[in-house]
Every structure is written in structure tokens, then in C-alpha cells.
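Thanks for asking me to look this one over. Below are my notes, set out as numbered points so that you can follow them with the model open beside you.

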Amino acid sequence: ISNLQSYLTAYQNRKYSIGFVPTMGALHKGHAELIKKSNNDNHKTIVSIFVNEKQFNSKDDFNSYPRNKGQDYDFCSENEVDILFEPSVEEIYENDETIIKNINFKNILCDKYRKGHFDGVITVLNKLFTIIKSNKVYFGEKDFQQLKIIEKFIEEKYKFLNLVSVPTKRNEEGIAYSSRNEKLSKKQIQDFISFHQQTENFLNSLEKSLDIETANQKAKDFIVKQDIEKLDYFEFRNNYDLSFNGTLSDSRLFYAIYKGKVRLIDNLKV
Ligand code: AMP
């Protein structure tokens with residue numbers, strides 16, 4: 001941290017604007033989009049890599065989360081990151097392990113199925129925002145509920161910080177880049193791609209004027225016919241407040257499914 005602080009002070013003295021991209025590593029083209037945007041917007045870009053145990057509700061999931069530091073270092077230099085901040089657990093939590101409780105968008109989507117996950121997310125961000133006083137911070141729409149929760153958190157606690165959201169980067173077949181994809185076998189990836197494409201077809205078959213409640217009945221009919229090992233949710237929700245109010249034109253389809261032990265989430269604009 002002290003090493004980082006000396007860079008930050010030098011940047012501040014030169015009046016450089018700073019963009020911050022928090023990640024858990026195993027960097028991929030989705031992260032690259034955030035970095036690109038930050039490089040465009042700011043003089044300097046800082047990426048953090050911290051696999052935050054407090055946001056994992058299963059020890060197994062934490063232990064098996066993909067990590068590949070060597071490649072991440074190369075990735076950051078190829079993508080013109082100015083500072084890669086990789087704190088230790090002690091640096092983040094040594095003095096204070098108090099968990100901040102998230103109070104927004106509770107008991108729905110990922111919050112319902114990963115108890116305490118978002119408490120862990122905002123707790124670590126609170127630490128990181130205190131250490132790295134950036135002008136802007138970048139998050140992906142891939143984790144849409146997370147984005148909404150962080151938006152509220154920043155509004156309440158870090159008013160000086162500008163949150164920039166970045167659309168989901170997808171591969172040619174349409175699936176979102178994700179660190180967790182690395183854990184999938186070739187067959188699982190193929191199955192996932194085919195699931196994704198059928199979901200897209202389903203979406204395209206719906207009228208945008210349909211109300212969300214009715215669309216969710218159709219979503220149920222669609223999803224039971226799919227060969228899914230395990231499903232947490234597959235439902236439309238309003239873009240703005242994540243409720244079931246409104247029509248498809250201002251909604252997204254949110255899903256969390258499993259392939260083997262790997263949990264995959266995505267959300268698709270209608
Ligand atoms: P993670 O390392 O998974 O915690 O992700 C770090 C940041 O990258 C989060 O803001 C994510 O929403 C974002 N992100 C992850 N995958 C993608 C993607 N495919 N497209 C855009 N942003 C992404």
C-alpha cells in the first residue's frame with residue numbers, strides 16, 4: 001500500500017485523473033473493455049486484483065476460483081495498465097474486519113442465492129475506495145445487480161466518485177467472457193453456447209410491449225424444456241429497479257445456471 005500511495009501522491013500532484021478497475025483477476029476480454037474505457041477517460045488506470053474471500057458464500061468456490069497471476073501481469077502490461085495493485089489479505093482486513101451490510105436490492109436474484117455475497121462486495125470496495133482515491137471507477141453490466149448495488153453504495157458513501165458502467169463483452173457465439181468459463185470443459189462450453197443461443201431466440205420471439213409478469217410465465221415454460229443441471233433463477237426484471245413492474249422494453253432477462261459445479265450468470269437486454 002505504501003508503494004501505491006507514493007504513486008498516487010505523484011499523480012495527484014500532477015493533477016492526473018485516475019480510473020480504477022477492481023477485479024478478482026484471471027483477466028479476460030471483459031476486463032479489457034473496462035481498462036480500455038478507463039484509459040480513454042483518464043490519464044492513469046489502476047487495476048486491482050483481489051480474490052475477496054468475504055464475498056464467497058462457499059469455501060469450495062473460493063478455493064477453486066481461477067487464479068493465474070503470471071498471465072494477469074502480462075495482460076495488464078499489454079493493456080496499458082499503469083498500476084496493478086494486488087494487496088494481501090492482511091493489507092485489506094488486518095485492522096478491521098467489520099462487514100458492511102448491503103441494504104439495497106435484497107433477497108432477489110444473486111442476493112437470494114448467495115447469502116452475504118453483496119455484503120462482502122461492498123465491504124471490500126469500501127476498503128479499496130479508501131486506499132485508491134480515484135476520480136472514476138469502472139464496473140461491468142455483466143454483474144448487473146452488483147452494478148445497481150454499488151451505484152447506491154457510491155451515492156450514499158462516495159459522492160465524489162463517478163461510477164462508469166461498461167456493456168458486457170461477448171465472444172463470437174454470444175456468451176459473456178467470464179473468469180469462471182475457464183473452469184468449463186469443451187463439452188460444457190458447447191452446451192452453454194447452445195443454451196445461450198436458444199435463450200436469444202426465445203427473447204427475439206417476444207413482443208417488447210409484453211408486461212414483465214406475463215413474460216415470466218413464458219420464461220418458465222421455456223426454461224423447463226431446457227436441459228439445465230441446476231438453476232437459481234431465469235426471469236425478466238425491470239432495468240431500473242429490478243422489480244417485476246413494466247414491460248419488456250425496459251427490462252432485462254437475468255439468469256444464473258450451473259454447468260457442473262460452475263455457476264454462470266448473465267443478463268440480456270430485451
Ligand atoms: P470480476 O473479476 O469477475 O470480479 O470482474 C471485475 C469487473 O469486470 C466487474 O465489474 C465485472 O462486471 C466486469 N466484467 C466481468 N466480465 C465482463 C464482461 N464479459 N464484460 C464486461 N465486463 C465484465
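The points below begin with the ligand and then move on to helices, salt bridges and a few single residues.

1. **What kind of model this is.** Please keep in mind that this is a predicted model. Residue numbers in my notes count from 1 along the chain as its sequence is written.

2. **Who surrounds the ligand.** The shell around the ligand holds 16 residues, and the closest are Met24, His31, Asp143, Lys169 and Tyr177. Sorted by class, that shell has seven nonpolar, six polar and three charged residues.

3. **Polar atoms facing the ligand.** A good place to zoom in is His31, where a polar side-chain atom sits 2.9 Å from an oxygen atom of the ligand. Lys169 approaches with its backbone: a backbone N or O atom lies 2.9 Å from a nitrogen atom of the ligand. Tyr177 also uses a polar backbone atom, 2.8 Å from a nitrogen atom of the ligand. How much of the ligand does the protein bury? On its own the ligand exposes 490 Å², and the protein buries 92% of that.

4. **Where the shell comes from.** Which elements each supply at least two residues of the shell around the ligand? They are β1 (18-23), α2 (29-41) and β4 (136-140). Helix α2 gives the most, with three residues.

5. **A second look at α2.** Ser38 is also part of helix α2. With a relative accessibility of 0%, Ser38 falls under the 20% cut-off, so this residue counts as buried. Its side chain makes a polar contact with the side chain of Thr45, at 2.7 Å.

6. **Helix α7.** This helix covers residues 117-131, which is 15 residues. From first C-alpha to last, α7 reaches 22 Å, close to the 21 Å expected at 1.5 Å a residue. Why can α7 be called largely enclosed by the rest of the structure? Because 14 of its 15 residues are buried.

7. **Salt bridges overall.** Side chains of opposite charge can pair when their charged atoms come close. In this model the count comes to 19 salt bridges. The next three points take up some of them.

8. **Asp61 and Arg180.** These two form a salt bridge whose closest N and O atoms are 2.9 Å apart. The pair links distant parts of the chain: Asp61 belongs to helix α3 (residues 59-64), while Arg180 is in the loop between β5 (162-166) and α9 (186-204), 119 residues apart. Are the partners buried or exposed? Asp61 has a relative accessible area of 19% and is buried, and Arg180 is buried at 16%. For Asp61, the call rests on a cut-off of under 20%, so 19% still counts as buried.

9. **Lys59 and Glu53.** The salt bridge between Lys59 and Glu53 has its closest N and O atoms 2.9 Å apart. Lys59 is exposed, with a relative accessible area of 56%, whereas Glu53 is partly exposed at 35%.

10. **Lys106 and Asp111, and a network.** The side chains of Lys106 and Asp111 meet in a salt bridge at 3.9 Å, N to O. Lys106 counts as partly exposed at 36% relative accessibility, while Asp111 is buried at 3%. Elsewhere, salt bridges that share partners join Glu33, Lys36 and Lys169 into one network. You met Lys169 above among the residues closest to the ligand.

11. **Backbone angles worth a check.** Lys15 has a phi near 60°, a positive value in a residue other than glycine. Lys15 is in the loop between α1 (2-13) and β1 and counts as exposed at 71% relative accessibility. Asn107 also has a positive phi, of about 60°, although it is not a glycine. Asn107 is in the loop between α5 (89-93) and α6 (109-113).

12. **Two more positions.** Val224 lies in helix α10 (residues 212-224) and is exposed, with a relative accessible area of 67%. The C-alpha atoms of Val224 and Gln198 are 13 Å apart, with these positions 26 residues apart along the chain. Glu182 is in the loop between β5 and α9 and counts as partly exposed at 47% relative accessibility. Glu182 and Leu203 are 21 residues apart in sequence and 27 Å apart in space, C-alpha to C-alpha.

How values were computed:
This is a predicted model: local features need pLDDT of at least 70, side-chain atom pairs count only at pLDDT 80 or more; totals for chains, interfaces and linings use all residues. Side-chain values use heavy atoms; hydrogens and water are left out. A residue is near a molecule or strand if one of its heavy atoms lies within 4 Å of it. A polar contact is a pair of N or O atoms within 3.5 Å; within protein, one must be able to donate a hydrogen and the other to accept it, and residues adjacent in sequence count only if both atoms are side-chain atoms. Accessible areas come from the Shrake-Rupley method with a 1.4 Å probe; for residues, only the protein chains shown count as cover. Helices (H or I, at least four residues) and strands (E, at least two) are DSSP runs, numbered from the N terminus. Ala, Val, Leu, Ile, Met, Phe, Trp, Tyr, Cys and Pro count as nonpolar, Asp, Glu, Lys and Arg as charged, and the others, Gly among them, as polar. The expected span of a helix is 1.5 Å times one less than its number of residues. Buried means under 20% relative accessible area, exposed over 50%, partly exposed in between (1.4 Å probe, protein chains only). A salt bridge is a side-chain nitrogen of Lys or Arg within 4 Å of a carboxyl oxygen of Asp or Glu.
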